[in-house]
Structure formats: structure tokens, C-alpha cells
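Please open the structure in your viewer and keep the selection panel at hand. This tour goes from one selection to the next and says what is found at each stop.

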Amino acid sequence: QVQLVESGGGLVQAGGSLRLSCAASGDNFSNYLMGWYRQAPGKQRELVAVMTSGGSTNYADSVKGRFTISRYNAKNTVYLQMNSLKPEDTAVYYCHAKHYRIGSIDYWGQGTQVTVSA
């Protein structure tokens, strides 16, 4: 079982940057696929970016070239660097973890609010 705690959200003007952090505890971090999701008001939660422990990444088309996911396995932490932010990036951002074992459950952080003003 793993616990996830996000930090780094806030209010930023369009074109600005933020970096989100997610600290994991409770299990071997390197056994988990880590990712970031977001949910805007009235919309479904959507994938933003994921990263394997080996360094492979996948991004939503809407954030490619602007967001970068990274992980520091020695510190059990995953990051999301967000540049060139747009008002449509406004959402609650959630850290996500899923063990590589087939049938494992999803783990979520509590979420952190990101608000981008025009």
C-alpha cells in the first residue's frame, strides 16, 4: 500500500509556470507506475502524464511540449513541471500510483488546486 501527498499548486497567470510534487510512502516506489491526472469543474478526471520506473513517459496531447513529468526514485517523489500555462489548465491535479502487479488497485493523492488566470 502507498500513500501520496501532493504539493505545489497555486494561482498563476497565463504563460507562467508551476511545479507539482508528489511524495510517496509506504511501499517500494520503484514498483509503481506514477502519474498525474487532473479534473476541472464539471469534467471527468483525465490523464495528464505518466512515467514508468524505467523512465518511459506518456503525455496528454493538450500538454505535450509544455509539461514534463519526472521521478526521483531515491526520494520516492514524482514531479510535474508545468510551463506556458493556459487558463484551460485550471483543475485539481491528482497524483496517481499503480503497482505493476496485475489486478492492483489505484492509489490517489488528495489533490492540489492549480488556477491559471487569463
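Begin by selecting Thr68 together with Gln81, a residue of S8, since these two are bridge partners. The model is a predicted one, in which local features need pLDDT of at least 70 and side-chain atom pairs count only at pLDDT 80 or more, while totals for chains, interfaces and linings use all residues. Residues are numbered from 1 along each chain as its sequence is written, and side-chain values use heavy atoms, with hydrogens and water left out.

**The hairpin and its sheet**

Widen the selection to S7 and S8, which run antiparallel and are joined by six bridges; strands here are DSSP runs (E, at least two residues), numbered from the N terminus, and two of them pair if DSSP finds at least two bridges between them. The two strands form a hairpin with four residues between them, and Asn76, in the turn, has a positive phi of about 55°. Along S7 the side chains alternate, with Phe67, Ile69 and Arg71 buried and pointing to one face, while Thr68, Ser70 and Tyr72 point to the other face and are not buried. Buried means under 20% relative accessible area, exposed over 50%, and partly exposed in between, with a 1.4 Å probe and protein chains only.

Now add S1 and S3, and an open sheet of four strands appears in the order S1-S3-S8-S7, with antiparallel pairing. Strand S1 (3-7) and strand S7 (67-72) stand at the edges with a single partner strand each, so one side of each is left without a neighbour in the sheet. From one strand to the next the twist averages 15°, an angle between N-to-C directions on a scale from 0 to 180 degrees, with axes fitted as lines to C-alpha atoms.

At the S1 edge, five bridges join S1 to strand S3 (residues 18-25), and these two run antiparallel. Select Glu6 here, and then its bridge partner in S3, which is Cys22.

**The disulfide**

Stay with Cys22 and add Cys95: a disulfide joins the two, with 2.1 Å from S to S, where the term stands for a pair of cysteine sulfur atoms within 2.5 Å. Cys22 lies in strand S3 and Cys95 in strand S9, so the link ties together parts that are 73 residues apart in sequence. The angle about the S-S bond is -85°, and the link is left-handed. Cys22 is buried at 0% relative accessibility, and Cys95 is likewise buried, with a relative accessible area of 0%. The structure holds one disulfide.

**The nonpolar core**

Next, select Leu4, Trp36, Leu80, Met82 and Tyr93, which touch the most other members among the 31 residues of the largest nonpolar core. Such a core is a set of buried Ala, Val, Leu, Ile, Met, Phe, Trp, Tyr and Cys residues joined through side-chain atoms within 4.5 Å. Among the elements that give two or more residues to this core are S3, strand S4 (32-39), strand S5 (46-51) and strand S11 (112-117).

Centre the view on Leu80, whose contacts (heavy atoms within 4.5 Å), not counting residues up to four places away in sequence, include Trp36, Val48, Phe67, Ile69 and Tyr93. Then move to Val114 in strand S11, which is buried at a relative accessible area of 0%. The C-alpha atoms of Val114 and Gly10 are separated by 5.0 Å, although the two residues are 104 residues apart along the chain.

**The salt bridges**

Which side chain meets that of Asp89 in a salt bridge? Select Arg66 to see the partner, at 2.8 Å from N to O; a salt bridge is a side-chain nitrogen of Lys or Arg within 4 Å of a carboxyl oxygen of Asp or Glu. Asp89 lies in the loop between S8 and S9 and Arg66 in the loop between strand S6 (57-59) and S7, so the pair ties together parts that are 23 residues apart in sequence. Asp89 is buried at 1%, and Arg66 is buried at 10% relative accessibility.

For a last selection, take Lys98 and Asp106, which form a salt bridge whose closest N and O atoms are 3.7 Å apart. To finish, add Arg38 and Glu46 to Arg66 and Asp89, as salt bridges that share partners join these four into one network.
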